[in-house]
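Here's a quick briefing to read alongside the model. Take a look at the structure first, then work through the notes below.

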Amino acid sequence: MNEHDFSKKLVTLLDTDVNNISDKVALDLRAARHSAVAHAVSRQSSGVGRSGNLLHRHSWFSQHRTAVIGAVLIAVLLSVLGVWQMLPQPADDQAEIDAALLTDDLPVHAYLDNHFTQWLKNPSSEQ
Amino acid sequence: MLVWSGVALAGGKDNATQWQALKPAQQAILAPLAAQWNTLPPAQRERLLAVEARYPTMAPEARQRFQARLKNWASLTKAERIKARENYKKLKKLPPAQRAAIKRRWEIKQQASEPMKPSMPSPPIPPKGAPSPS
């Protein structure tokens with residue numbers, strides 16, 4: 001018997017068995033099929049949920065685009081201001097400070113005094 | 001070429017701030033520094049000129065202080081000048097009450113470090129062998 005004859009006989013047997021299947025087995029098979037279909041549907045719907053969430057996020061960004069761009073611009077501006085403050089001051093400001101130091105009611109050597117420096121660090125402490 | 005022009009520019013600035021290149025009015029204001037002016041680094045001279053430019057707007061008392069302190073200020077090291085500026089800025093940032101308290105502390109410290117002045121003249125020391133007054 002070759003392979004082709006064997007499969008023909010197997011198909012005939014299976015068809016005969018399907019026609020002779022009992023009601024209980026048919027019901028079990030039906031229940032299993034329903035369960036499998038329900039499971040497949042739930043998986044599909046959860047996939048739709050994820051993509052729906054992405055869509056929701058995208059629409060949120062579209063609605064708040066101006067606010068988001070504004071917030072980013074403000075953050076960049078604040079960073080630039082912070083860096084600018086850390087840079088050396090322009091010569092004009094420095095000359096202003098030098099002029100103030102040279103004409104202040106405290107002498108220059110007061111500002112070089114170590115005790116004075118400490119008092120500035122802890123202005124509220126009494127020595 | 002770029003280096004050469006940079007050196008030429010620096011040299012030009014150096015010459016422009018030499019004592020003899022200053023205007024008579026500038027020389028009068030910076031007179032306390034006349035002897036040492038040309039020995040100061042060009043950057044320091046430029047800075048002092050920027051400070052000197054504010055002189056006309058100063059009150060008479062401030063002008064006196066300015067000229068009295070100029071020589072001492074120019075003789076400080078760069079690090080000392082930076083420290084003085086930083087401390088000045090810190091003091092100015094404090095609330096007026098704390099600023100006044102620190103100034104008061106400084107005055108007290110200064111008074112304490114001054115030598116004691118005798119309230120009455122001390123009696124002359126009698127020569128050796130002279131009879132002691134009794």
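Just 16% of the 127 residues of chain A count as buried. For chain B, the figure is 28% of 134 residues. Keep in mind that this is a predicted model.

**Overall make-up**

- Chain A has 5 helices and 0 strands, so to read its elements from the N terminus on you just go α-α-α-α-α.
- Chain B has 6 helices, again with 0 strands, and its run from the N terminus is α-α-α-α-α-α.
- If you look at contacts in chain B with a separation of 6 or more, 38% of them come from residues 24 or more positions apart.

**A loop residue of chain A that touches chain B**

- A:Asp113 sits in the loop between helix 4 (91–103) and helix 5 (114–121) of chain A.
- Its relative accessibility is 16%, so A:Asp113 counts as buried, given that the cut-off is under 20%.
- Leaving out residues up to four places away in sequence, A:Asp113 touches B:Trp106 and B:Lys109.

**A tryptophan in a loop of chain B**

- B:Trp19 belongs to the loop between helix 1 (2–16) and helix 2 (24–29) of chain B.
- B:Trp19 is another loop residue that counts as buried, because its relative accessibility is 16%.
- What does B:Trp19 touch, not counting residues up to four places away in sequence? The list is B:Gln27, B:Leu30, B:Ala31, B:Ala34, B:Trp37 and B:Asn38.
- One of those contacts, B:Asn38, is 19 residues from B:Trp19 in sequence, with 6.1 Å between their C-alpha atoms.

**Helices 3 and 4 of chain B**

- A packed pair of helices is described by two things, the angle between the axes and the distance between them.
- For helix 3 (residues 42–52) and helix 4 (residues 60–75) of chain B, the axes come within 13 Å and cross at roughly 165°.
- That angle makes helix 3 of chain B roughly antiparallel to helix 4 of chain B, because anything over 145 degrees goes in that class.
- As for handedness, the crossing of helix 3 and helix 4 of chain B is right-handed.
- On the helix 3 side of chain B, the residues that meet helix 4 are B:Gln44, B:Leu48, B:Val51 and B:Glu52. Their partners in helix 4 of chain B are B:Phe66, B:Leu70, B:Trp73 and B:Ala74.
- The buried residues in helix 3 of chain B include B:Gln44, B:Leu48, B:Val51 and B:Glu52, along with B:Arg45 and B:Leu49.
- Looking down the axis of helix 3 of chain B, those buried residues fall within an arc of 160°, so they line one face of the helix.

**Helix 5 of chain B**

- How far apart are the end C-alpha atoms of helix 5 (residues 78–93) of chain B? They are 23 Å apart, which agrees with the 22 Å that its 16 residues should span at 1.5 Å a residue. The expected span is 1.5 Å times one less than the number of residues.
- Buried in helix 5 of chain B are B:Arg81, B:Ala84, B:Arg85, B:Asn87, B:Tyr88 and B:Leu91.
- Down the axis of helix 5 of chain B, its buried residues keep within an arc of 170°, so they line one face of the helix.
- B:Lys78, B:Ala79 and B:Lys93 are exposed on the other side of helix 5 of chain B.

Technical notes. Residues numbered from 1 in each chain as written. Chains lettered and ligands numbered in written order. Predicted model: local features only at pLDDT ≥ 70, side-chain atom pairs only at ≥ 80, totals over all residues. Heavy atoms only, no water. Helix = DSSP H or I, 4+ residues; strand = E, 2+ residues; numbered from the N terminus. Buried < 20%, exposed > 50% of the residue type's maximum accessible area, 1.4 Å probe, protein only. Arc of directions from axis to C-beta. Axes fitted to C-alpha atoms, helices over the stretch in contact; angles between N-to-C directions. Parallel < 35°, antiparallel > 145°, perpendicular 65-115°, else oblique. Left-handed = near helix turned anticlockwise from the far one by under 90°. Contact = heavy atoms within 4.5 Å.
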